[in-house]
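I opened this notebook to keep track of what I looked up around the ligand and in the sheets. The entries follow the order in which I checked things.

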Amino acid sequence: MNFTISPQQLENVDVMGRAKALAQTLAIATNGWSYAIRPATPHDATAIAKLSFREFGGGPNILKNVEEAIRIGEIEAYTVVVASDQNQTLAGFAFGIPKVASFGRFDGQVAEIQQVVVAKRHRGIGVGPLILAKAIDENRALGFSRLVLQFRPGLANWYAGMGWTVLPINQVSAWLEPPLPSRETVAPLAWMDYSPNYPQMAYLDIGCHRPIVHVHIDAVMGHKQTIASAVFALTDVLADSVDLLKSVPLDTLVNLYHDAHASPRFKQWLESLNAEDNLSPREAAASLLNA
Ligand SMILES: CC(C)(COP(=O)(O)OP(=O)(O)OC[C@H]1O[C@@H](n2cnc3c(N)ncnc32)[C@H](O)[C@@H]1OP(=O)(O)O)[C@@H](O)C(=O)NCCC(=O)NCCS
């Protein structure tokens, strides 16, 4: 797919409008810059690794990791999208990786976009939005319903302008995904980990599924601490709404009940249901769901 961008025509166009303006510039630009926006091939790996290293640094395995991501992309739902100019030089790239939920599955609802990068000489003319637009298409085609990403301060307006919901700095998301047909009794818990270098988070809904419950939590350092906060916040929200609770599969309710970090209000609520009938938490949850 080849796009042509005229920098002059895109001046003063808001960021969100740039991808749309693209379709028009395709037909009328004459001296514009021409970019191909496409999935990466193994030939792109070295240039991607170099650009990634220049922008973010990285360890000795960076090239190997990029090659691996491109190679296994279709198997494990990775997406690597690149922009290359008319000389076939890499102008930018973005990675998308499945946001692995609590059961380590690759077929979840949410993917994370990582490392959206445009090489310096190609910045400011809408290449980044095009790469993101292509990454969205690729992830939608793979069946993802939501994209998340974390970024450096300063880009909030850029993402918000393209329709992303931007969280306040130092807040991260956690959610219960709708169960998939393959695991229909369990709703997996997923969360974002906090990274001080990329302290702001945004998400974009791109498909028809929505999380059953979605909360924003104050960022804490450490994986375990984040999960503990997530479980507390999600269960505390569930304790406020019978309707919401009824949409959570039984096994998930029982798992949450037994989690050490579940909100006491949530636990008490389920326990109050079995007080008279002497039900186990599982039976109490089942009776609630059937009520
Ligand atoms: C962010 C990035 C991908 C944008 O790509 P792009 O092709 O230049 O995107 P656009 O053409 O829409 O231009 C981006 C706009 O955001 C601004 N911008 C870029 N980085 C910024 C930052 N850190 N803080 C504030 N503004 C920023 C640009 O000045 C430009 O403003 P303009 O619309 O007024 O010209 C690119 O700047 C980049 O690669 N940055 C370094 C890597 C990075 O930070 N990636 C983000 C994930 S952490």
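Which secondary structure elements each supply at least two residues of the shell around the ligand? I found that β5 (110-118) and α5 (127-141) do so, where helices (H or I, at least four residues) and strands (E, at least two) are DSSP runs numbered from the N terminus.

Before going further I noted that this is a predicted model, in which local features need pLDDT of at least 70 and side-chain atom pairs count only at pLDDT 80 or more, while totals for chains, interfaces and linings use all residues. Residues are numbered from 1 along each chain as its sequence is written.

**Ligand shell.** I looked up the residues near the ligand (C-beta atom, placed from the backbone, within 6 Å of it) and found 18 of them, the closest being Val118, Arg123, Val127, Gly128 and Gly154. By class I recorded 11 nonpolar, 4 polar and 3 charged residues, with Ala, Val, Leu, Ile, Met, Phe, Trp, Tyr, Cys and Pro taken as nonpolar, Asp, Glu, Lys and Arg as charged, and the others, Gly among them, as polar.

**Arg123.** I placed Arg123 in the loop between β5 and α5. Arg123 has 13 C-beta neighbours inside 10 Å and therefore counts as partly exposed; a residue is buried with 20 or more other C-beta atoms within 10 Å of its own, exposed with 12 or fewer, and partly exposed in between, the C-beta atoms being placed from the backbone. I also checked Arg123 against Ala91, 32 residues apart along the chain, and found their C-alpha atoms separated by 8.7 Å.

**β5 and its partners.** Of the 9 residues of β5, 7 are buried, so this strand is largely enclosed by the rest of the structure. I then listed its pairings, for which DSSP must find at least two bridges between two strands: β4 (residues 90-98) runs antiparallel to β5 and is joined to it by 6 bridges, and Gly92 has Val118 as its bridge partner in β5. With β6 (residues 146-151), β5 pairs in the parallel sense over 3 bridges, and there Val110 stands opposite Arg146.

**A separate look at β8, β9 and β11.** I found 3 strands forming an open sheet in the order β9-β8-β11, with antiparallel pairing. Because β9 (189-191) and β11 (213-218) stand at the edges with a single partner strand each, one side of each is left without a neighbour in the sheet. Between β8 (residues 171-176) and β9 I noted 3 bridges, with Leu189 in β9 as the bridge partner of Leu176.
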